[in-house]
Amino acid sequence: MAHAHHDHHDHDHPHPTRPDQDDRLTYYQTMEIAVRELLVEKGILTADQIRRQVEDMDNRTPLRGAKVVARAWTDPAYKARLLAEGNPALEEIGLDRGPYRLVVVENTPAVHNVIVCTLCSCYPRWLLGLPPDWYKSRNYRSRVVREPRSVLREFGLDLRDDVTVRVHDSTADMRYLVLPARPAGTEGWSEEQLAALVTRDTMIGVAVPRPANP
Amino acid sequence: MSTAAISPRYCPGERVKVRAAYPPGHVRTPFYIRGHSGVVERLCGNYPNPEELAYARPGLPAQPLYRVRFLQRDVWPDYAGQPADSVDVEIYQHWLEPA
């Protein structure tokens with residue numbers, strides 16, 4: 001910035017500071033630290049094992065799901081197996097089959113699918129990483145199941161009246177992945193090029209992949 | 001884990017109704033769908049009853065779990081979308097009755 005704020009020491013009034021957000025622990029944060037420290041003190045887990053597990057969790061990203069979608073777009077036989085039974089199809093391309101049964105739902109010109117967990121935040125974390133904050137919000141959870149078209153419009157997705165909207169409420173032991181429709185104009189693209197179009201939101205169903213971002 | 005399971009009572013395509021029950025505890029049947037009728041989309045397999053698991057009990061015999069498809073216009077009387085719009089919900093067998 002040209003007009004740099006370089007003269008802090010020339011005046012005596014204090015600037016407002018943004019408060020630290022980690023200076024007070026919630027009840028559950030305190031409980032987590034207490035349990036973690038006890039596990040380490042008792043020699044059940046090491047601090048490094050816990051750190052590594054957290055790092056592994058953070059390393060799971062939507063790139064995994066994108067790889068599945070890109071393979072399904074380029075290999076019709078793979079797509080058929082994926083839609084029939086999700087977990088073995090993940091293993092087939094070298095991904096973790098995951099701790100829950102995976103149901104893959106396909107978007108077509110006639111049907112658009114969108115995923116929610118109205119009860120909490122069920123999400124295929126091993127395939128997409130941590131869910132976005134809005135996915136866990138009461139606002140999304142209560143509204144997308146009741147007025148999905150309005151919610152999708154707020155996400156920038158305006159569905160035509162001749163497209164059926166299917167909401168999937170992830171209430172129990174299944175986890176869901178939306179298989180978006182392959183965009184027109186991507187004929188001949190490699191799996192890697194296609195995977196780059198597949199974002200987290202397109203696999204939750206609040207967006208659709210576009211060949212190029214406008 | 002034991003493989004003890006209750007036999008499935010419903011088939012894909014069959015019309016079922018969700019019990020309009022309101023017990024306390026860890027219930028995975030969403031409030032909004034209780035008392036509504038839909039069609040079995042698929043049988044998902046057998047799973048220990050989460051209402052028992054939540055209290056550290058084994059939840060066995062396992063309950064058949066279904067995905068049931070409901071028409072939005074049946075669930076929400078003022079639904080503003082299209083007539084074919086639907087919501088699929090996972091429901092354990094002990095929450096279902098023939099419609």
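**Exercise 1. How many residues of chain B are in contact with chain A?**

Before starting, note that this is a predicted model, in which local features need pLDDT of at least 70 and side-chain atom pairs count only at pLDDT 80 or more, while totals for chains, interfaces and linings use all residues. Residues are numbered from 1 along each chain as its sequence is written, and chains are lettered from A and ligands numbered from 1 in the order in which they are written.

*Solution.*
- Step 1: two residues are in contact if their C-beta atoms, placed from the backbone, lie within 7 Å.
- Step 2: with that rule, 19 residues of chain B are in contact with 19 residues of chain A.
- Step 3: on the chain B side, β2 (37-47) and β4 (86-92) are the elements that give two or more residues. Strands here are DSSP runs of E with at least two residues, and helices are runs of H or I with at least four, numbered from the N terminus.
- Step 4: β4(B) gives the largest share of that side, 6 residues.

**Exercise 2. Find the strands that pair with β4(B).**

*Solution.*
- Step 1: strands of a sheet pair through backbone hydrogen bonds, either parallel or antiparallel. Two strands count as paired if DSSP finds at least two bridges between them.
- Step 2: β3 of chain A (residues 164-169) pairs with β4(B) in the parallel sense over 4 bridges. Here A:Arg166 stands opposite B:Ser86.
- Step 3: β3 of chain B (residues 63-71) runs antiparallel to β4(B), and 7 bridges join them. In β4(B), B:Tyr92 is the residue opposite B:Leu65.

**Exercise 3. Put the strands of the sheet in order and find its edges.**

*Solution.*
- Step 1: the open sheet has 7 strands, in the order β2(A)-β3(A)-β4(B)-β3(B)-β2(B)-β1(B)-β5(B), with mixed pairing.
- Step 2: the edge strands, each pairing on one side only, are β2 (111-116) of chain A and β5 (96-98) of chain B.

**Exercise 4. Is A:Pro88 buried or exposed?**

*Solution.*
- Step 1: place A:Pro88 in helix α5 (residues 86-92) of chain A.
- Step 2: recall the cut-offs: buried means 20 or more other C-beta atoms within 10 Å of the residue's own, exposed means 12 or fewer, and partly exposed lies in between, with C-beta atoms placed from the backbone.
- Step 3: A:Pro88 is exposed because 12 other C-beta atoms lie within 10 Å.
- Step 4: for a sense of place, A:Pro88 and A:Arg60 are 28 residues apart in sequence and 19 Å apart in space, C-alpha to C-alpha.
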